[in-house]
Amino acid sequence: PDPILKALDELKLKAGPEVLMVGDSPFDFACAKNAGVSSAAVEWSLHPQETLNNFGPDLWLRNFPQLLEYV
């Protein structure tokens, strides 16, 4: 979780479900879970959706504009 926790510290924010980590690899979702933040998987990842689903992203993004629904 170190990269997320460092970013939150620099931004003077606290971890929680209102923080969203957008990623495309299993490592991203493990990092988000361990940091205590929400995660969003992108459908255009090189990793199969089935693989990413095993890491429990909180939501899926079809495209970047869809991210605006969550910020």
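The following exercises, each with a worked solution, concern a predicted model of a protein.

**Exercise 1. Overall architecture**

Determine which secondary structure elements the protein contains and in what order they run.

*Solution.*
Step 1. Count the elements: the secondary structure comes to 3 helices and 3 strands.
Step 2. Read the elements from the N terminus: their order is α-β-α-β-α-β.
Step 3. Consider the dimensions. Along the principal axes, the C-alpha atoms fill a box of roughly 35 × 25 × 15 Å.
Step 4. Compare the radius of gyration with the expected value. For 71 residues, a compact globule would have a radius near 11 Å, and the 12 Å of the protein agrees with this.
Step 5. Add the accessibility: 35% of the 71 residues count as buried.

**Exercise 2. The surroundings of strand 2**

Describe how strand 2 pairs with strand 1 and strand 3, and state whether the residues of strand 2 are buried or exposed.

*Solution.*
Step 1. Begin with strand 1, residues 20-23. Strand 1 and strand 2 pair in the parallel sense over 4 bridges. Within this pairing, Val22 stands opposite Ala40 of strand 2.
Step 2. Examine the connection. Strand 1, helix 2 (residues 26-35) and strand 2 together form a right-handed β-α-β unit.
Step 3. Turn to strand 3, residues 59-61. Strand 2 and strand 3 run parallel and are joined by 3 bridges. Here Val42 has Leu61 as its bridge partner in strand 3.
Step 4. Assess the cover. Strand 2, residues 38-42, is mostly covered, with 5 of its 5 residues buried.
Step 5. Separate the two faces. Ser38, Ala40 and Val42 point one way, Ser39 and Ala41 point the other way, and all are buried.

**Exercise 3. The largest nonpolar core**

Identify the residues of the largest nonpolar core and the element that gives the most to it.

*Solution.*
Step 1. List the members: the core has 7 residues in all, namely Ile4, Leu8, Val19, Cys31, Ala32, Ala35 and Val37.
Step 2. Assign them to elements. Helix 1 (2-10) and helix 2 are the elements that give two or more residues to this core.
Step 3. Compare the contributions: helix 2 gives the most, with 3 residues.
Step 4. Look at one member in detail. Apart from its neighbours within four places in sequence, Leu8 is in contact with Leu13, Lys14, Ala15, Val19 and Val37.

**Exercise 4. The aromatic pair**

Find the aromatic pair in the structure and explain why it ties together parts that are apart in sequence.

*Solution.*
Step 1. Locate the pair. The structure holds 1 aromatic pair, formed by Trp44 and Phe64.
Step 2. Classify the geometry. The pair is tilted, with 5.1 Å centre to centre and 55 degrees between the planes.
Step 3. Place both residues along the chain. Trp44 lies in the loop between strand 2 and helix 3 (49-53) and Phe64 in the segment after strand 3, so the pair ties together parts 20 residues apart in sequence.
Step 4. Check the accessibility. Trp44, at 40% relative accessibility, counts as partly exposed, whereas Phe64, with a relative accessible area of 57%, is exposed.

**Exercise 5. A loop residue**

Decide whether Ser25 is buried or exposed, and name the residues that it touches.

*Solution.*
Step 1. Find its place: Ser25 is in the loop between strand 1 and helix 2.
Step 2. Apply the cut-off. Buried means under 20% relative accessible area. Ser25 has a relative accessible area of 11%, so Ser25 is buried.
Step 3. Name the partners. Not counting residues up to four places away in sequence, Ser25 touches His47 and Leu52.

How values were computed:
Residues numbered from 1 in each chain as written. Predicted model: local features only at pLDDT ≥ 70, side-chain atom pairs only at ≥ 80, totals over all residues. Heavy atoms only, no water. Buried < 20%, exposed > 50% of the residue type's maximum accessible area, 1.4 Å probe, protein only. Pairing = 2+ DSSP bridges. Right-handed = clockwise from strand over helix to strand, strands pointing away. Phe/Tyr/Trp six-rings, centres within 6.5 Å; stacked < 30°, edge-to-face > 60°. Core = buried A, V, L, I, M, F, W, Y, C linked by side-chain atoms within 4.5 Å. Contact = heavy atoms within 4.5 Å. Rg over C-alpha atoms; globule rule 2.2 N^0.38 Å.
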